[in-house]
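Welcome, and thank you for taking a look at this one. Below is a short walk through a helix, some ring pairs and a few charged side chains.

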Amino acid sequence: MAPTKDRQTIGGGNGTVGAVMVVGAGIAGVQAALDLANSGFFVYLVERSPAIGGVMAQLDKTFPTNDCSMCILSPKLVECGRHLNIQLLTLAEVQEIHGEVGDFTITVQEYPRYIDMEKCIACGLCAEKCPRSVNDEFNQALNKRKASFVKYPQAVPLKYVIDRDHCIYFKPDKKTGKIGRCRACEKFCPAGAVDFSQEGKTHHVKVGSVILAPGFKTFDPSRAATYHYRQLPNVVTSLEFERILSASGPFEGHLVRPGDRAEPKKIAWLQCVGSRDVKYHSYCSSVCCMYAIKEAVIAKEHAPYDLDCAIFYMDMRTYGKDFERYYLRAQEQGVRFVRSRIHSIDLGQDGDLLLRYMDEDAGLHQETFNMVVLSVGMEVPGDVKSMAATLGLELNPHDFAATHPLTPVATSRPGIFVCGAMAGPKDIPESVMQASAAAAGSGSLLSEARWTRTRTKEVPEPRDVSGEPPRVGVFVCDCGINIASVVSVPEVVEYAKTLPHVVYVQENLFSCSQDTQVQMLKVFEEHQINRVVVAACTPLTHEALFQETMRDSGLNKYLFEMANIRNQDSWVHTQEKEEATDKAKDLVRMAVARATLLKPLVEVPLTINQRALVLGGGVAGMNAALNLADQGFETILVEKEKELGGLARRVHHTIEGLDVQAYLDDLIARVRAHHNIQILTQALLVSFIGYKGNFVTEVLVGPGMYERKIEHGVTVVATGAQEYRPTEFLYGQHPGVLTQLDLGRVMHESPEKAAAWQRVFFVQCVGSRNAENPNCSRICCQGAVKHALELKMLNPEMEVVILYRDMRTYGFLEDYYLEARNQGVLFSRFDPEQSPRVMQDKEGLVLEFQDHVLQLPVRLPADAVVLSAATVAGEHEELASLMKIPRTSEGFFIEAHAKLRPVDFSSEGIFLCGSAHSPKLISESISQALAAAGRAGAFLADTTQTISGITACVEPERCAACLICVRVCPFKVPQINQENVSEINRALCQGCGICASECPAKTIQVSHYEDDQLTAKIKALF
């Protein structure tokens, strides 16, 4: 790298610094940065590559929703890039750190880009003229890029960079030894942005805390000779396969194998490559099973023929929320699952691959596939280990950041937090949760310095367009090839030009990218556009992004309309391209017709009651309350039971050996002693009304059931879950049949009783992974391993047998699974069709099961049979009804978005955490509780919020006070006032439109969805 000369100090000041440095700008770093910036702290986001986005930007789709990864990520990247209180430092690394919590000074080395970011217009001419081609790292070397390049099409910042290691300019001439040849990029750059004289900069940044989110790297399978990776071109890694599938990838989403570009008819996925292998990494990488299933499902969708997909695995670890359902759907769609470990891969004919393996029946098989995908695991990059040493952080035995299970985002150095894969292998929702949790940790430490370093965005005054005729701008998106591979976008563009009131039409490769947003601002001004139609994907994820661009241009954000030509067209009509193009034209025509009638709406400033209500006094609820209180917000903690503690009161130790009851006692003491927390026990919620920032909740408290009204701005739902009470396996009929919680109590209260047992069986998946409760309960496998190890400690001679379907000891829990096997715990797999049988004879308990190795029935006496009972949802039906919050069919609450909003509800101002969301470990509940508190705190801190302009309005002179609107409104908003007409409180109205649709006299209209606007759209279709 070039030598550094320019030195500057950013920040400064005395006392606690109201700024945070986030290191790493993958999805975890981006989420942490946004949470902090939105809650009143200035953020320095440091990323070692030229653009933010991390590995998520390389993925095609995400499980279990099959959302396009870039489609859901891009709005966050653009928001991060344009946020006034986030400063991006790309091509940068942390060099040194000094100071202590609240006042760190960090030295950051920023390397030269050799492109002036102020001048670069991202036209791509430098790359076009560059003569040097090298492997494209973003596309996993499946194609080439130039020495002048942009990381990926939707990169933020969308600025080119010159790769010094490959640029001809920086290579000495073989004869003269001088550098400076070529310079084609400099010659042809129309903006004069190329600057070979650029040198590095050293920044000395003052911050109050640090969040580490540097991500991970994938295991290099060339280290394992078995797979012949790199020798056999049609053996690829899972990340390479993601790029093959991706619309923006080297093959534009066309499913081909890299060796000869032939379409594969059979693809095999091999699991646990680099994971669960003591030669490389003994831990489980947690995500591989699910992403392999997802890739198989998506591959079948990509193939216009019957693609044979087979996944070779040891244990199928689909342990997350709705993951098991996804697994079952994959089987229904024809994905094959073969329980085995591949012995070898050999080259067959025409580039095909011959797999040899032995199945559970001890049969040796061989099968030919056109392509093999290696499901590679996660590991810590070398530079991350170096950074940890620089920062003085402890690492665990696997080289990930060492954290305590009860403080899961805190590192060994106070004031430095960790999130995402640096804390251990995890998927996107867990990374996002931890990011928000780390932001909450920083926020509570620095609460006194909130808003002291931030800048205020000046939004231009909205332009008055009331007297102007409609001038519609239409922007049609290719969405890479998500749309363009099915819909003829140029044809749609030409058609849109013929529509009434349309004055400008533009085709965009990615309408949501940062550079397109900047271009749109220029177009709005140049063509005096006063209505905007974007024909792209779903407004659910992208409407807010485009509306923000409109606000920045001085246009009212409600003069915007979206035509969803992806979800509602290209994705559902992949085989009918002509018809899909015609439908896209229809959707654009309808959108334009409605857009011409849109009116500017006024948003009223929202007054926020900066008080929080937390429902549930278990581990999650108490941690959420404590963090909110530490952030400086008054918090009311409501618990329906007499004592705090929740289900954790029945858990005595974690698998790591930590004393849960001692932790609970300390947590309760801290909650009770906090001056910002008020506790209400034996409290029953009976009413919940209001709107974001201004809720009113009624509870009946104590034995006397006295009424208490609580006014608050946010609500955190942490109402927990409960253990399934089995009706099978003689539970409740024989004292020797216990659940895991029962066993924990016995070993805690009467260890001598448990020590006297000679043989104990554990039966897994009791009450879960069945027709009534198809999902996995996540915690049961680790619970069985934990208790098996404890039994072995009490009596090493005891025979302990765990009967399982799949051992789901994900992440570092795999270490305990290995330890249990080393201690002599026996594991025997069973099929649900041959479930174990528990019987009672005159001598006591007897258990009968089919041994999967011997393929013979085994009948043995048992001193105890421990049932790993499911974690099931609490009795939340009434609460869900009162709060109008959704639940799954199993009764757990549904978050706003499975990937990127895992602690938010769709209703603003209400947040979710703990087992009320889904079954999880105590450490995971704590992370999610902190995340919910962080999100809730950011909401309470933001006093610039407004009330939506989309509300119902009544024409009072035509209202007959018939009471229909009063009766049908699910939010109880309309009231008959003193003038005997219906009155709707705009602040309470949710804009659902039920009152408008039911009003017999049509005196109620919903702003932005008025009758003439909807009618125009319908007429345009026909």
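Let's begin with helix α12, keeping in mind that this is a predicted model. The helix covers residues 539-553, and its 15 residues should span 21 Å at 1.5 Å a residue; the end C-alpha atoms are 20 Å apart, which agrees. Its buried residues are His542, Leu545, Phe546, Gln547, Thr549 and Met550. These pack against two helices, α2 (69-82) and α11 (514-526), and two strands, β28 (531-536) and β29 (560-564). Just after α12 comes Gly554, with a positive phi of about 90°.

Next, the aromatic rings. The structure holds 26 aromatic pairs. In one of them, Phe241 and Trp269 have ring centres 5.4 Å apart and planes at 85°, so the pair is edge-to-face. Because Phe241 sits in helix α5 (residues 238-245) and Trp269 in strand β17 (residues 266-273), the pair ties together parts that are 28 residues apart in sequence. Both residues, Phe241 and Trp269, are buried. Elsewhere, ring pairs join Phe63, Tyr319, Phe323 and Tyr810 into a cluster.

Now for the charges. A search of the whole structure gives 58 salt bridges, and the table shows three of them.

| Positive side chain | Negative side chain | N to O distance |
|---|---|---|
| Arg778 | Glu430 | 3.2 Å |
| Lys1017 | Glu561 | 2.8 Å |
| Arg837 | Glu848 | 3.4 Å |

The Arg778 and Glu430 pair links distant parts of the chain, 348 residues apart: Arg778 is in the loop between β40 (759-766) and α19 (780-794), and Glu430 is in helix α9 (residues 428-445). Arg778 counts as buried at 7% relative accessibility, and Glu430 is buried too, with a relative accessible area of 18%. Lys1017 lies in helix α25 (residues 1011-1021) and Glu561 in strand β29, so that pair ties together parts 456 residues apart in sequence. Here Lys1017 is partly exposed at 23% relative accessibility, while Glu561 is buried at 5%.

Which side chain of opposite charge is nearest to Lys920, and how far away is it? It is Glu430, 6.3 Å away; Lys920 is buried yet has no salt bridge. Lys920 lies in the loop between β48 (910-912) and α22 (922-941). Its side chain makes a polar contact of 3.1 Å with the side chain of His917, and a polar atom of that Lys920 side chain lies 3.0 Å from the backbone oxygen of Ser918. Among the residues that Lys920 touches is Arg778, the salt-bridge partner of Glu430.

Notes:
Residues numbered from 1 in each chain as written. Predicted model: local features only at pLDDT ≥ 70, side-chain atom pairs only at ≥ 80, totals over all residues. Heavy atoms only, no water. Helix = DSSP H or I, 4+ residues; strand = E, 2+ residues; numbered from the N terminus. Buried < 20%, exposed > 50% of the residue type's maximum accessible area, 1.4 Å probe, protein only. Lys, Arg positive; Asp, Glu negative; His and termini not counted. Salt bridge = Lys/Arg side-chain N within 4 Å of Asp/Glu carboxyl O. Polar contact = N/O pair within 3.5 Å; in protein donor to acceptor, adjacent residues only side chain to side chain. Contact = heavy atoms within 4.5 Å. Expected span 1.5 Å × (residues − 1). Phe/Tyr/Trp six-rings, centres within 6.5 Å; stacked < 30°, edge-to-face > 60°. Lists of a residue's contacts leave out its neighbours within four places in sequence.
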